[in-house]
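Grab a pencil and work through these exercises with the structure open next to you. Try each task before you read its solution.

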Amino acid sequence: MDKVLLYNVGYGSSWKTIDIKHSDAFPSQIYNYHKHRFYEINLISSGNTKILLKDQFDEGETLKIVLTPPDTPHYISCSPDTVYSRTYLRFAENFVANYIPEWKQLSEVFSENGRIITLSEEEALELLRLIEQIEREESMLGQRLLVYYVLLRLHERSNEEIGQNQKPSYVWEAMTFMENHYSEKIDFSALAKELCVGRTKLMTGFKLYTGDTMGEYLCKCRLKNAIQYLLQAETIEYAAEKCGFSDSSSLIRAFKRIYGMPPHKYVKRLEIHALE
């Protein structure tokens with residue numbers, strides 16, 4: 001069950017083949033390491049963001065697009081003092097695979113581990129207009145044709161030099177280890193040794209690329225999974241035990257520190273949001 005909790009299939013909404021969502025607000029403390037079972041085109045139009053893929057890293061307030069194929073972990077965070085504006089286009093493979101002859105070639109734009117592309121203002125506006133046109137289109141055929149055109153444009157763009165920063169592999173490996181072992185007691189010195197890197201270098205590099213200390217990241221990882229248990233009507237005591245907290249009081253304190261409210265209030269907000 002624990003590994004399944006990494007998936008955020010619908011972000012609170014119900015859809016089957018294609019979905020579009022716009023968001024424009026100051027970011028919350030919601031933890032954003034996740035993967036899902038669909039293709040996602042994430043247009044970020046504002047916000048001081050940090051984005052980590054397995055083999056790419058990007059930070060800053062540039063216009064950009066993040067492309068992720070199914071089952072690809074990715075991490076996106078935004079500074080809370082900047083407005084985080086983004087538009088998602090998400091679709092299932094069966095929405096396009098049997099209808100676009102060049103699908104196999106075009107799907108390579110997402111890359112095996114995802115892709116980050118920095119955009120000019122003109123490129124971002126063109127992409128936004130296309131996504132909004134897809135949203136307005138009532139016929140499934142029309143939507144598929146527009147998605148096809150979006151993929152063509154992105155494929156052309158991806159053939160250009162992207163020029164993104166590379167991050168040390170040990171940062172991603174440490175993230176992945178904590179995601180898979182959040183319920184356990186983790187010795188960071190032993191982890192550094194396992195990753196063949198000095199403890200200080202690991203701790204410093206992790207903070208640099210994620211914005212969190214390893215302790216903060218592990219705590220957020222545990223809270224993210226605890227939320228899933230609570231949404232399934234499990235008790236706080238059960239969630240604490242399953243997610244690596246020493247007791248329910250530790251979980252409640254961590255909730256208040258990270259989210260600014262107790263668990264029951266936060267979960268209630270998520271349930272209300274899911275109904276909207």
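**Exercise 1.** Find which strands α4 lies across, and at what angle α4 runs to β9.

*Solution.* Step 1: α4 lies across β1, β3, β6, β8 and β9, where contact means heavy atoms within 4.5 Å. Step 2: α4 runs at about 80 degrees to β9; axes are lines fitted to C-alpha atoms, for helices over the stretch in contact, and angles run from 0 to 180 degrees between N-to-C directions. Step 3: Now look at α3, which lies across β1, β3, β6, β8 (84–91) and β9 and runs at about 125 degrees to β1. The labels α and β come from DSSP runs numbered from the N terminus: helices are H or I with at least four residues, strands are E with at least two.

A quick word on the model: it is predicted, so local features need pLDDT of at least 70 and side-chain atom pairs count only at pLDDT 80 or more, while totals for chains, interfaces and linings use all residues. Residues are numbered from 1 along each chain as its sequence is written, and side-chain values use heavy atoms, with hydrogens and water left out.

**Exercise 2.** Work out the order of the strands in the sheet of 5 strands, and name its edge strands.

*Solution.* Step 1: The order is β1-β8-β3-β6-β9, in an open sheet with antiparallel pairing. Two strands pair if DSSP finds at least two bridges between them. Step 2: β1 (18–25) and β9 (115–118) are the edges, since each pairs on one side only. Step 3: On average, neighbouring strands here are turned by 15 degrees against each other, direction ignored. Step 4: Zoom in on β3 (residues 39–46) and β6 (residues 64–68), which run antiparallel and are joined by 5 bridges. Leu43 stands opposite Ile65 in β6.

**Exercise 3.** Describe how α3 and α4 pack.

*Solution.* Step 1: Helix α3 (residues 121–136) and helix α4 (residues 140–158) meet at an angle of about 160 degrees, and their axes are 9 Å apart. Step 2: That makes α3 roughly antiparallel to α4 (angles under 35 degrees count as roughly parallel, over 145 as roughly antiparallel, 65 to 115 as roughly perpendicular and the rest as oblique). Step 3: Sort the contact residues: 7 are nonpolar, 2 polar and 4 charged. Here Ala, Val, Leu, Ile, Met, Phe, Trp, Tyr, Cys and Pro count as nonpolar, Asp, Glu, Lys and Arg as charged, and the others, Gly among them, as polar.

**Exercise 4.** Do the same for α8 and α10.

*Solution.* Step 1: Helix α8 (residues 214–231) packs on helix α10 (residues 248–259) at about 110 degrees, with the axes 11 Å apart. Step 2: So α8 is roughly perpendicular to α10. Step 3: The contact residues split into 10 nonpolar, no polar and 3 charged.

**Exercise 5.** Which strands does α7 lie across, and what ties Phe57 to Tyr209?

*Solution.* Step 1: Helix α7 (residues 199–210) lies across β4, β5 and β7, at about 120 degrees to β4. Step 2: β4 and β5 form a hairpin with 4 residues between them, and Thr49 has Gly60 as its bridge partner in β5. Step 3: Phe57 and Tyr209 form an edge-to-face aromatic pair, 4.7 Å centre to centre with 80 degrees between the planes. Rings of Phe, Tyr and Trp (its six-membered ring) pair if their centres lie within 6.5 Å; planes under 30 degrees apart count as stacked, over 60 as edge-to-face and the rest as tilted. Step 4: Phe57 is in strand β5 and Tyr209 in helix α7, so the pair ties together parts that are 152 residues apart in sequence.
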